[in-house]
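Reader: I should like a close look at a single part of this structure, namely one helix and the residues it buries. Please then place that part in the setting of the other features that can be computed for the model.

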2 protein chains.
Amino acid sequence: MTTLEKYLPALVWLKDYRVADLKHDSVASLVFTIMVIPQSLAYAMLAGLPAITGLYASILPSVLYSLFGTSRTLAVGPVALTSVMTASAVLPFAVSGSEHYASIAILLAFMSGVFLLVLSFLRLGFLTNLLSHPVISGFISASALLIIIGQIKYFLGVESQGDTLIPLMTSLYAHADHTHLPTLLLSIFCIASLLLIKRYFGHFLTFIGLPTATVKLFEKSGPVVVVVVTTLIVAILSLDQMGVAVIGTVPTTPPTINLDLISWQMARDLLPSAFLITIVGFIGSVSVAQSYAAKRRQDIDPNQELVGLGLANIGSALSGAFPVTGGFSRTVLNADCGSKSPMTGIITAFLILLTLLFLTPVFYYLPTTILAAIISISMSKLISVADLKELWQFSKKEACLLIVTFCVVMFEGMETGLIVGVVLSILFFLWHTSHPHIAIVGRVPGTEHYRNVQRFEVETHSKVLTVRIDENLFFANARVFEEKLQSLVSQNKDLQHLVLMCTAVNMIDASALQSLEKVVVRLADAGVKVHLSEVKGPVMDKLIGSILLTNLSGKVFLTQHQAITELTQQ
Amino acid sequence: MTTLEKYLPALVWLKDYRVADLKHDSVASLVFTIMVIPQSLAYAMLAGLPAITGLYASILPSVLYSLFGTSRTLAVGPVALTSVMTASAVLPFAVSGSEHYASIAILLAFMSGVFLLVLSFLRLGFLTNLLSHPVISGFISASALLIIIGQIKYFLGVESQGDTLIPLMTSLYAHADHTHLPTLLLSIFCIASLLLIKRYFGHFLTFIGLPTATVKLFEKSGPVVVVVVTTLIVAILSLDQMGVAVIGTVPTTPPTINLDLISWQMARDLLPSAFLITIVGFIGSVSVAQSYAAKRRQDIDPNQELVGLGLANIGSALSGAFPVTGGFSRTVLNADCGSKSPMTGIITAFLILLTLLFLTPVFYYLPTTILAAIISISMSKLISVADLKELWQFSKKEACLLIVTFCVVMFEGMETGLIVGVVLSILFFLWHTSHPHIAIVGRVPGTEHYRNVQRFEVETHSKVLTVRIDENLFFANARVFEEKLQSLVSQNKDLQHLVLMCTAVNMIDASALQSLEKVVVRLADAGVKVHLSEVKGPVMDKLIGSILLTNLSGKVFLTQHQAITELTQQ
């Protein structure tokens, strides 16, 4: 792979791209475009922006990711989680629907893009690993539930505010009296149709005699049919005149950022939100990309993914839209439509552009309630109780972490929940490593293998004690090891040699070095020599020339068996 | 040890306490009291409180620690670092010298005491381990330097504010014109005398013919002589009339907390400062106690230390004083005076009480400049460049951590510096564990020992690949391992068996379990069986019944050697 190919991964797949591929991808893109439009509109609404902004967010970002991203399947555009995080980040600063609100959302997309590029440049992608499985699971379940509750106002046709459980419910309760009956009936129709069509559309298509390939291509397009039918119903019955909310007239130009409405101070205040949107979006995107790459035996490069998604977000800001990323449902749709290369991203962008230029009047009668129904149904799949059950069996502590994250998200909001989750998982890990396990080991008879005296029948010696250190040696446990080793030696009065078996020591830092050196010197005073065995290469490299080796009273043995053989023969 | 003895450690040493011990300890206490009084006054001044408060802080806390603490040597009272941290915590809320200021300092001592007891109750003492050696070293050096710079105003006899480098220097520069010449001359005299007497007082005592034992007992009391001489000079020349600052009349009652001047909101705002003072004080105290315990082959119990110091701080609050802890220089002095049991702490408290009751007029002419000189000289020993040099050789990264902590303390203050240091050291550690080392290993010929193919001449097999995982498996590196294992397998086309050698795996969490399970299933699809070898007891306990073992395509081997023997024979 050339350097240029590394930075512009599109060159790799463009090299082998044929006319036949283009034909195939065009069909896939056409189907995908039709299916993805309602989703994009819905997620823009979730972000508190005019639904049409969702289409702006699907053009330039998609093209830029196709050129700079490394996944062959990922579809980039508005995504539920980042959209709702955008809404909760912008709401404290502006009223939804205002020019001010749109400007801040654009700023957020821009900041998110810059963050992704900076993370790539500084190779800080590892920060995203700090979100552990329980935290992500609790976060997604709670967010999905909050999103669904947030859609109820569209189903009832009432005004309502709030972005955490209690304000949401209080506000809904206060407004429930004003429920708009036509809207509620339409909502029930939408939800029921979506659920039914999802289940039976494939059967129906087969029943009317379509060939299997066509059925496979279109069986997931059921929602589009419901959208079209609902829009027709609204148009024919003029339900908009009765107060059913519709998309209405769409402005012909995209929103642009009004620099007078934003300030440095605002950018500073948005920093934490922008950072969290970035991280959540990136993790979601990479995990989808990775699972498809594994299925198709392809590779993705997380660092280049940061670049691809970063440029996509800057593209979104330039289009007057909001933060985007690679989405799960979007990508599944893309793969199901038969996408084989990132070219579909480019063709889809072109088709959505055409839609924006010529087809916006079609959306006039599209009711917001169908979008809310689409959102709710797709979110309901993300709430996973099975995950909690499985985790509970494996580790109660991690299951509690999931529950805490879930609750904090529900009651305090998504950002706080995420931060609390990350801090707690780091603290749990540090707690674990700072309460390290040490084992006195002996030889498994007839082998050169040494195991814990408490779990195996092994051979030991009264004058030689071998302690296996079951943790990295670093600041969080340095003092604990110091205490443990000293109390161990004080219990064995005959002791002449203490062998530290270092199979599990992968790193040693200055704090631990200092503690160990103290132990070695103190034990030497007490007539006990300290030896090391099975020190790993990278650790040994660091120890050479350090005060620990200079002051070591004993030897460093390559293997534990050599240590015991030599020390017991003396 | 009985339960009562565990909670009231004084019972242990009181059991064997003889009259002869009491005689010995009384002499030691008398000498110690004389020597520790100037220090106590100085540190109260550092805390921004009337110097005499330092004596109040030395009575009840000392008695309570003697009864509830576990160190036989530790001397508890005002300490430089916590005193200056107290000053910088209280200054934003009140003017030094006001009743308001004293009330907040008392509140701080109380909060610190409660924190220590809570830490003990929740067994959260491990949190103090999060301060790594480089962070502590950088923090102490910078704080000591800031303290010294903060004393310059006393030497010049000017007013000046600020608690970080730039405000301190600007303020000093602005006021330098008003330097008070008599004060400056007296300061130079104090510093010079202290330095000279420290060096030559022992020789002088020997020279005038005192017996060696007496010389040993008194050679460290040089500063007391300088204090007495300076006070006499001030009194005889009436320097206080010329504007030299002296302690003056001491109020006969201790300060008490004025509850009208404090509020819940203030307590909340003080929380972070109180917590940091607690942690810093505790770490300093425990490390001094531990080094003396090791020297004297005694034990200390960190959890009971939390109780002892917690009660000492509550005692300090009840005495109208400020946060206290076990101090380094205080303890050295105590040991040098010949203290052999905590009884010295009790006797000293009694002697200081007598001083407060009857001897305060003696302090009238004591100039503040001598206290500033004592502080500066004792702080200068804490600035350690050697530490940085040694660290630099061992690890550039940790040396940078020291430098960053030092600089942040100098420019942004002690608390920010400490927090930045801790966060960076945790991030460094997480960065390290999330960039784990894995090694392909082979058999060292003629042994049952398996080592890295890149460092040793070892035997390997084309169809069996053994990978030693050199890190705990947890959320921060789960995805990285997933990627590494997959790319490794994709490079070895003949592969039939992948053995994961788990000698260095001490824990596995749900995130890692999920990743590993994914790898196992994917590799099974590709015709590669995954085996585990040398899984440790605690890890195996967690794996039993998990999805990983259920879906494992291969076996779990007790030893790596058994795995290779069996798999290569097939």
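Author: **Helix α5 of chain B and its setting**

In helix α5 of chain B, which spans residues 60-68, the buried residues are B:Pro61, B:Ser62, B:Leu64, B:Tyr65 and B:Ser66. The model is a predicted one. The buried residues of α5(B) pack against several elements of chain B, namely α2 (10-15), α4 (53-56), β1 (76-77), α14 and α16 (343-358).

Two of these packing partners, α14 and α16, can be followed through one residue each. Helix α14 of chain B covers residues 302-318 and contains B:Asn303. B:Asn303 counts as buried because its relative accessibility is 16%, and the cut-off for a buried residue is under 20%. When neighbours within four places in sequence are left aside, the contacts of B:Asn303 are B:Leu119, B:Ser120 and B:Arg123. A further pairing concerns B:Phe126: the C-alpha atoms of B:Asn303 and B:Phe126 lie 9.7 Å apart in space, although 177 residues separate the two in sequence.

Helix α16 of chain B holds B:Thr348. With a relative accessible area of 3%, B:Thr348 is buried. Its contacts, again without the neighbours within four places in sequence, are B:Ser29, B:Phe32 and B:Thr33.

In chain A, the region after helix α16 can be viewed from the surface. A:Leu359 lies in the loop that runs between α16 (343-358) and α17 (368-380) of chain A. Because its relative accessibility is 42%, A:Leu359 counts as partly exposed. A:Leu359 also belongs to a nonpolar surface patch of about 680 Å², made together with A:Phe350, A:Leu353, A:Leu354, A:Leu357, A:Phe358 and A:Val362.

The wider frame of chain A is as follows. Its secondary structure amounts to 25 helices and 8 strands. Taken along the principal axes, the C-alpha atoms of chain A fill a box of roughly 100 × 60 × 55 Å. Of the 570 residues in chain A, 56% are buried. Contacts between residues at least 6 apart in the sequence of chain A join residues at least 24 apart in 79% of cases. The area that chain A exposes is about 24500 Å², and carbon and sulfur atoms supply 65% of it. As for charge, chain A carries 35 positive and 35 negative side chains, with 6 Å between the centres of the two sets.

Charged side chains also pair directly. Over all chains, the count of salt bridges comes to 18. One of them joins the side chains of A:Lys15 and A:Glu5, with an N to O distance of 3.1 Å. A:Lys15 is in helix α2 (residues 10-15) of chain A and A:Glu5 in helix α1 (residues 3-7) of chain A, so this bridge ties together parts that are 10 residues apart in sequence. A:Lys15 counts as exposed, at 56% relative accessibility, whereas A:Glu5 counts as buried, at 13%.

Another salt bridge of chain A is formed by the side chains of A:Glu482 and A:Lys518, at 3.4 Å from N to O. This pair links distant parts of the chain: A:Glu482 sits in helix α21 (residues 475-491) and A:Lys518 in helix α22 (residues 510-525), 36 residues apart. A:Glu482 is buried, with a relative accessibility of 5%, while A:Lys518 is partly exposed, with a relative accessible area of 35%.

In chain B, B:Glu566 forms a salt bridge with B:Lys555, and the closest N and O atoms are 2.5 Å apart. B:Glu566 belongs to helix α25 (residues 560-569) of chain B, and B:Lys555 to the loop between α24 (547-551) and β8 (556-557) of chain B, so the bridge ties together parts that are 11 residues apart in sequence. B:Glu566 counts as partly exposed, with 30% relative accessibility, and B:Lys555 counts as partly exposed, with 42%. Salt bridges that share partners also join A:Arg468, A:Asp470 and B:Lys536 into one network.

To return to the part requested, the buried residues of α5(B), including B:Leu64 and B:Tyr65, pack against elements that include α14 and α16 of chain B. In those two helices, B:Asn303 of α14 counts as buried, and B:Thr348 of α16 is buried.

Key. Residues numbered from 1 in each chain as written. Chains lettered and ligands numbered in written order. Predicted model: local features only at pLDDT ≥ 70, side-chain atom pairs only at ≥ 80, totals over all residues. Heavy atoms only, no water. Patch = residues over 30% accessible without salt bridge, like charges linked within 9 Å, V, L, I, M, F, W, Y side chains within 5 Å. Areas by Shrake-Rupley, 256 points an atom, 1.4 Å probe, with all protein chains shown as cover. Salt bridge = Lys/Arg side-chain N within 4 Å of Asp/Glu carboxyl O. Helix = DSSP H or I, 4+ residues; strand = E, 2+ residues; numbered from the N terminus. Buried < 20%, exposed > 50% of the residue type's maximum accessible area, 1.4 Å probe, protein only. Contact = heavy atoms within 4.5 Å. Lys, Arg positive; Asp, Glu negative; His and termini not counted. Charge placed at Lys NZ, Arg CZ, Asp CG, Glu CD.
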